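Grab a pencil and get ready to look at how helices sit against each other. Try each exercise yourself before you read its solution.

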Amino acid sequence: MKQLNGYIDHTLLKPEATQTDVDHVVQEAIDNHFYSVMINPYWVAYVHDKLANTPVKTATVIGFPLGANTTSTKVTEAKEAIENGANEVDMVMNIGEFKGGHYQAVQKDVQAVVTAAHNKSALIKVIIENALLTNDEIAKAADIVANTGADFVKTSTGFSTSGAKVADVAIMKKVVGDRIKVKAAGGIHSAQEAEEMIQAGASRLGTSASLKIIGKE
């Protein structure tokens, strides 16, 4: 298994994050060879500039954290983020419509953002917010995401009742197989937890406890 550093989207999504805070996570990502810096859309252009001439990617969130924006808003947000320098976008699916059984509407919403991202050569992950879903719903949501051609299905925003769970990652991986990848995010605080997520099928980890995970804190 490759070093944990290369799995990590080093994340800062707190609403109160200042420019100084953003500078810190950018430098930490560069120094520790994390895969990306994950920040709110406002900071994308700034972070992209800071990461110029480094291998670290710029990543952001779309329709975050509730997923209840209109599809056109999500598409516009994704396009702007990518134009500002985002290499990857993590969108939240419409959780209420999914819970209501309106699967076609959910897939159409996700598909529109997937298409917009891929048309601009960006990678896209779709957050299903597993804490709000049953095991059967996790499986169904993962399948819907895989059917859109998204690059990843992702467990959590980190802003709901709980984050990633190993059992949920295993369900998602079993459903999507090799069609798309799985990202575990939210509540990952140790190297052991990170490794368990990877063993269960995660190819990427979203965490703000990155330094602790790699033993630097």
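Here are four exercises on this predicted model, each with a worked solution.

**Exercise 1.** Work out how helix α6 and helix α7 pack: at what angle, and how far apart are their axes?

*Solution.* Let's start by finding the two helices: α6 covers residues 135-148, and α7 covers residues 166-176. Next, take the two numbers that describe a packed pair, because two packed helices are described by the angle between their axes and the distance between the axes. For α6 and α7 the angle is about 45 degrees, and the axes are 9 Å apart. That angle makes α6 oblique to α7. Last, look at the handedness: α6 passes α7 in a right-handed crossing.

**Exercise 2.** Find which residues of α6 and α7 meet, and sort them into nonpolar, polar and charged.

*Solution.* On the α6 side, pick out N135, I138, A139, A142, D143 and A146. Facing them from α7 are D168, I171, M172, V175 and V176. Now sort the residues of this contact: eight are nonpolar, one is polar and two are charged.

**Exercise 3.** Decide whether A200 is buried or exposed, then describe how the helix it lies in packs with α7.

*Solution.* First, locate the residue: A200 lies in helix α8, residues 191-200. Its relative accessibility is 16%, and buried means under 20%, so A200 counts as buried. Then check its neighbours, skipping residues up to four places away in sequence: A200 touches V166, V169, A170 and K173. Take K173 as an example: A200 and K173 are 27 residues apart in sequence, yet 7.5 Å apart in space, C-alpha to C-alpha.

Now zoom out to the helices. α7 and α8 pack at an angle of about 20 degrees, with axes 8 Å apart. Angles under 35 degrees count as roughly parallel, so α7 is roughly parallel to α8. The crossing of α7 past α8 is right-handed. From α7, the contact uses V166, V169, A170 and K173, while α8 brings in E196, M197 and A200. Sorted by type, the residues of this contact are five nonpolar, no polar and two charged.

**Exercise 4.** Which residues touch the most other members of the largest nonpolar core?

*Solution.* The largest nonpolar core has 71 residues. Within it, V37, M93, I128, V153 and L205 touch the most other members. Let's follow one of them, I128, again leaving out residues up to four places away in sequence: I128 touches M93, I95, L133, I138, A141, V145, V153, K154, T155 and M172. You've already met two of these, since I138 is in α6 and M172 is in α7.

How values were computed. Residues numbered from 1 in each chain as written. Predicted model: local features only at pLDDT ≥ 70, side-chain atom pairs only at ≥ 80, totals over all residues. Heavy atoms only, no water. Axes fitted to C-alpha atoms, helices over the stretch in contact; angles between N-to-C directions. Helix = DSSP H or I, 4+ residues; strand = E, 2+ residues; numbered from the N terminus. Parallel < 35°, antiparallel > 145°, perpendicular 65-115°, else oblique. Left-handed = near helix turned anticlockwise from the far one by under 90°. Contact = heavy atoms within 4.5 Å. Nonpolar A, V, L, I, M, F, W, Y, C, P; charged D, E, K, R; others polar. Core = buried A, V, L, I, M, F, W, Y, C linked by side-chain atoms within 4.5 Å. Buried < 20%, exposed > 50% of the residue type's maximum accessible area, 1.4 Å probe, protein only.
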